[in-house]
Amino acid sequence: MMNKTSNIGINNVHFVAIGVIVQVLFLYSLAGQHDDSVTLLGHLDKKHGTIELGRPSFVTYSYSSCWGYAAEDGREYALLGVIEGTSVIDITDPDDLEEVAFIPGPRSIYREMKTYSHYAFIVSEGGWGLQIVDLSPLPDSVRFIKNWTYEDFDRAHTISQAGPYLYLNGGNASENGGIAIISVNDPENPVKVGEWTLHYVHDTHIRNDTIYAAGIYGDGLSIIDSQDKSNPQLIVQITYPGAGTHNAWTTEDGNYVLTTDEIGATD
């Protein structure tokens, strides 16, 4: 349990933000366990390249993050990060999973994507900036728009989305690898509208106009007011011994925020 609790007023709504460190000790054993409450509906393993890294022993990586997209015609798609780009998979019929499009990207094991309207936005640690893809031609194809960059930006570690705004985290999207806030009111022509640069941010969770920023390199969890997108302000920074905060998410009622650690030695 975190060692600091803060009463916070945001948009006239007061709540107590309490972070819980979830220690996942059985991650690698889950795949071998049987659970009658979970049913495998379909399986597709279509790799686009592999990378082998020695951390701590040699492991072969093929996939990274994934996201979902529901089209207006009712069909559903998985957007899957692979080593050489992003795979678009039609998952409408779990018995007939099919890759229907592929968006080439820089070679990287770190790739993440989000959607707004009928557009996908993709970032990676490999470079090429923010990739913009029009998904409206599905199920036949997708339309690649461009790789969007600005001065000093060509990579981000993760991406979050809330309404017509994207939040680019880590990489060189902002000073210190903090958060860059991007308006996609015109999805094909994004505009950087603000940034938050107090420390490196590995990932963010956005709830209304509040940013929950994971400071993986010992900075804990920063809670940020982003009502003014051009000038986000720190509300409170919650730290704890051995912090290596990987990500965060609020409960449905907004009363609690849960975090997980990736590195460090959490007490």
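R155 counts as partly exposed in this predicted model, with a relative accessibility of 31%. Its side chain meets that of E125 in a salt bridge, with 3.3 Å from N to O. This pair ties together distant parts of the chain: E125 sits in the loop between β11 and β12, R155 sits in the loop between β13 and β14, and the two are 30 residues apart. E125 is likewise partly exposed, at a relative accessible area of 24%.

**Other salt bridges**

A search of the whole structure finds ten salt bridges. Three of them are set out here, with the N to O separation and the relative accessibility of each partner.

| Pair | N to O | Acidic partner | Basic partner |
|---|---|---|---|
| E125 and R155 | 3.3 Å | E125, 24% | R155, 31% |
| D134 and R143 | 3.1 Å | D134, 4% | R143, 38% |
| D209 and K229 | 3.0 Å | D209, 24% | K229, 11% |

The second pair brings a buried residue and a partly exposed one together: D134 counts as buried because its relative accessible area of 4% is under 20%, while R143 is partly exposed. Which residues belong to the network of salt bridges here? D134 and R143 are linked in it with E188.

In the third pair, D209 is bonded to K229 through a salt bridge. This pair, too, links distant parts of the chain, 20 residues apart: D209 is in the loop between β18 (203–207) and β19 (210–215), and K229 is in the loop between β20 (220–225) and β21 (233–238). D209 is partly exposed, whereas K229 is buried.

**The four-stranded sheet**

Let us turn to the strands. An open sheet is formed by four strands in the order β14-β15-β16-β17, with antiparallel pairing. Its edge strands, β14 (158–162) and β17, each pair on one side only. On average, neighbouring strands of the sheet are turned by 25° against each other, direction ignored.

Walking across the sheet, β14 is joined to β15 by five bridges, and A162 has Y165 in β15 as its bridge partner. Next, β15 (residues 165–169) pairs with β16 over five bridges, in the antiparallel sense; here Y167 stands opposite I181 in β16. Finally, β16 pairs with β17 (residues 191–196), again antiparallel and over five bridges, and A180 stands opposite E195 in β17.

How many residues of β16 (residues 179–183) are buried? Five of its five residues are. Both faces of the strand are covered, with I179, I181 and S183 buried on one side and A180 and I182 buried on the other.

**The nonpolar cores**

The largest nonpolar core holds 17 residues, of which F121, L130, F153 and L168 touch the most other members. Two or more residues each come from β11 (119–124), β12 (130–134), β13 (143–148), β15 and β16. Strand β11 gives the largest share, three residues.

What does F153 touch, leaving aside residues up to four places away in sequence? Its contacts are G129, L130, W148, L168, N172 and A173. Another core lies apart from this one and has 14 residues, including V88, A101, I122 and V133.

Definitions and conventions
Residues are numbered from 1 along each chain as its sequence is written. This is a predicted model: local features need pLDDT of at least 70, side-chain atom pairs count only at pLDDT 80 or more; totals for chains, interfaces and linings use all residues. Side-chain values use heavy atoms; hydrogens and water are left out. Buried means under 20% relative accessible area, exposed over 50%, partly exposed in between (1.4 Å probe, protein chains only). Two strands pair if DSSP finds at least two bridges between them. A nonpolar core is a set of buried Ala, Val, Leu, Ile, Met, Phe, Trp, Tyr and Cys residues joined through side-chain atoms within 4.5 Å. Contact means heavy atoms within 4.5 Å. Axes are lines fitted to C-alpha atoms, for helices over the stretch in contact, and angles run from 0 to 180 degrees between N-to-C directions.
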